[in-house]
Amino acid sequence: MFILACSQLLMIFVHATSGYNYTTNYITVPVDHFSYTNDDTFELKYLMNDTYWDVNKGPILFYAGNEGRIEDFCENSGFMWEISREFQALVVFAEHRYYGDSMPYGKHSFDDREALGYLTSQQALADFVDLIKYLREDPLSIGKRPNPVFALGGSYGGMLAAWFRIKYPATVEGAIASSAPIWQFTGMTPCNDFYKVTSSVYRNASAECGSTISASWKAIDDVTESDSGKQWLTDNWKLCKPLEDSDDVAQLKSWATDVYVALAMVNYPYEANFLAPLPANPIKEVCKSMTNHTEDDKTLLMSVFHGLSVYFNYTGSANCLDLSSAFSDDIMDGWGYQACTEMIMPLCTHGGEDDIFEAYPWDFEGYADYCENRYDVRPTTDDVEKQYGGKNLKAASNIIFTNGLLDPWSSGGVLKSLSSSVRALLIPDGAHHLDLRASNPNDTSSVIHARKTIKHWITKWIFEYRYRK
């Protein structure tokens with residue numbers, strides 16, 4: 001196996017997970033790329049496989065890591081592995097700073113505002129530029145290898161892939177931005193669109209299921225008005241901690257809302273374990289028990305509990321229901337800060353016909369107060385637009401935005417082509433970055449077509465790159 005040799009390569013481990021073989025590597029990068037007042041450095045992790053790489057002309061398929069351990073995205077992005085042989089490509093998965101093992105200040109990275117201040121998309125993209133520069137260095141001659149680089153990513157990673165091409169076109173030849181809600185920001189997308197998409201997924205699976213979820217919020221309130229009702233719900237929903245007051249009830253409803261969103265995101269046509277171990281078509285499984293929204297409150301709530309159990313206890317291994325979060329702490333630690341700084345994504349619900357959720361307004365000032373109390377920062381609403389152009393992408397090129405229309409985040413995605421080389425690719429029956437996942441016998445024709453189209457564009461970009469050379 002070809003291994004790059006450089007003083008920045010600190011250590012290598014070989015892994016074989018889910019059938020994918022890769023080396024784990026670390027490169028030294030600055031904590032702060034943009035000022036001359038901080039000389040601190042840290043070790044950024046990346047995963048690499050060069051089995052099929054044509055070192056002289058093969059492309060680099062570069063996954064722009066997002067909010068979590070890079071191994072999780074590596075193991076759920078089988079499309080990159082599948083096309084690496086066809087394109088004779090180097091496969092690289094770069095971890096995002098402040099996630100996984102890439103901690104600028106180790107265990108103190110989240111201690112205070114000063115340490116956390118370097119957690120931005122701009123700093124992360126600059127890390128990726130340094131890594132690509134290193135990967136393209138030719139130790140046998142002066143200069144760089146002539147390898148085109150294509151950024152790929154899903155969700156926040158998809159946003160980074162698109163922004164990478166926009167911000168650093170000399171480094172990245174093209175980008176595949178899957179499920180990338182680059183327009184889920186103030187003034188670009190109505191705040192209730194996200195939950196409208198989520199609601200439509202449940203209603204299309206079963207109108208009665210949508211009505212049951214809609215009715216469940218009032219049923220929860222009615223049952224928990226009394227202490228005996230709180231105890232009944234604690235016992236029958238097998239909660240790890242008892243419901244004691246209205247704040248606990250609000251937390252339960254918030255958890256359930258997050259679970260409904262998560263299920264819509266990973267509503268894949270086969271078993272998967274991206275956010276949690278889940279069956280094929282999990283929303284259909286969730287809706288099986290929700291068949292009558294006019295039942296009495298306790299009967300209705302038990303049908304909802306059986307549906308939600310598909311998410312938190314599909315394997316049967318959970319002893320109780322933990323309401324702390326529908327997502328892992330590893331994700332929430334870093335993303336909570338990012339969501340209080342540059343990633344201000346207004347989300348709201350109007351209730352009624354548009355939503356299966358309770359009405360919940362977007363209150364920026366209230367949210368900003370929370371961020372100030374939690375992280376000692378007060379957000380603004382236009383950072384992303386200033387950095388990356390918002391909806392003004394006339395100067396952009398070579399970006400393919402793919403969106404599954406079952407995915408709530410498609411609400412903030414690019415759903416119409418903007419130019420001859422900034423294209424929208426829709427997957428009507430696809431969920432969250434389904435196109436980046438490995439091929440599966442249960443794949444629908446639309447995602448198969450999407451992958452073929454992506455390969456076509458990469459082939460075109462390689463040809464254009466070589467022609468210019």
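Student: Where does Ser-155 sit in this predicted model?

Tutor: In this predicted model, Ser-155 is in the loop between strand 6 (149-154) and helix 5 (156-167).

Student: Why is Ser-155 called buried?

Tutor: The relative accessible area of Ser-155 is 11%. The cut-off for buried is under 20%, so Ser-155, at 11%, is buried.

Student: What makes the pair Ser-155 and His-432 a polar contact?

Tutor: The side chains of Ser-155 and His-432 are joined at 3.0 Å. A polar contact needs N or O atoms within 3.5 Å, one able to donate a hydrogen and the other to accept it; the pair at 3.0 Å therefore falls within the limit. Among the other residues that Ser-155 touches are Asn-66, Ser-178 and His-433.

Student: Let's move to helix 5. How do you know whether Arg-165 is buried or exposed?

Tutor: Arg-165, which is in helix 5, has a relative accessible area of 10%. That is under 20%, so Arg-165 counts as buried.

Student: Which residues are in contact with Arg-165, leaving aside its neighbours within four places in sequence?

Tutor: They are Val-172, Glu-173, Gly-174, Ala-175, Ser-397, Asn-398 and Ile-399. For Val-172 there is a polar detail too: its backbone oxygen lies 2.7 Å from a polar atom of the Arg-165 side chain.

Student: Asn-398 is on that list. What is notable about its phi?

Tutor: Phi of Asn-398 is near 55°, a positive value in a residue other than glycine. Most residues other than glycine have a negative phi. Asn-398 lies in the loop between helix 14 and strand 8 (399-404), and its relative accessible area of 8% is under 20%, so Asn-398 is buried.

Student: And what about Asp-376: where is it, and what is its phi?

Tutor: Asp-376 is in the loop between helix 13 (364-375) and helix 14 (383-388). Its phi is positive, about 60°, although Asp-376 is not a glycine.

Student: Why does Asp-376 count as partly exposed?

Tutor: Its relative accessibility is 45%. Partly exposed covers the range between the buried limit of 20% and the exposed limit of 50%, so 45% puts Asp-376 in that class.

Student: Now the strands. Why is strand 3 described as mostly covered?

Tutor: Strand 3 (residues 41-49) has nine residues, and seven of them are buried.

Student: What makes strand 2 and strand 3 a pair?

Tutor: Strand 2 (residues 20-30) and strand 3 share eight bridges in the antiparallel sense. Pairing takes at least two bridges, so these strands qualify. One of the bridge partnerships is Tyr-26 with Lys-45 of strand 3.

Student: How do you know that strand 3 also pairs with strand 5?

Tutor: Four bridges join strand 3 to strand 5 (residues 90-94), and the two run antiparallel. Since at least two are needed, four bridges are enough. Here Asn-49 has Val-91 of strand 5 as its bridge partner.

Student: Why is Glu-43 called partly exposed?

Tutor: Glu-43 is found in strand 3, and its relative accessible area is 29%. That value lies between 20% and 50%, so Glu-43 is partly exposed. Its side chain also makes a polar contact of 2.8 Å with the side chain of Thr-28.

Student: Finally, what makes Leu-426 eligible for a nonpolar surface patch?

Tutor: Leu-426, in strand 9 (residues 422-427), has a relative accessible area of 36%. Patch residues need over 30%, so Leu-426 passes that cut-off. Leu-405, Leu-415 and Leu-426 make a patch of about 210 Å².

Definitions and conventions: Residues are numbered from 1 along each chain as its sequence is written. This is a predicted model: local features need pLDDT of at least 70, side-chain atom pairs count only at pLDDT 80 or more; totals for chains, interfaces and linings use all residues. Side-chain values use heavy atoms; hydrogens and water are left out. Buried means under 20% relative accessible area, exposed over 50%, partly exposed in between (1.4 Å probe, protein chains only). Contact means heavy atoms within 4.5 Å. Patches are made of residues with over 30% relative accessible area and no salt bridge: like charges are joined within 9 Å, nonpolar side chains (Val, Leu, Ile, Met, Phe, Trp, Tyr) within 5 Å. Accessible areas come from the Shrake-Rupley method with a 1.4 Å probe; for residues, only the protein chains shown count as cover. A salt bridge is a side-chain nitrogen of Lys or Arg within 4 Å of a carboxyl oxygen of Asp or Glu.
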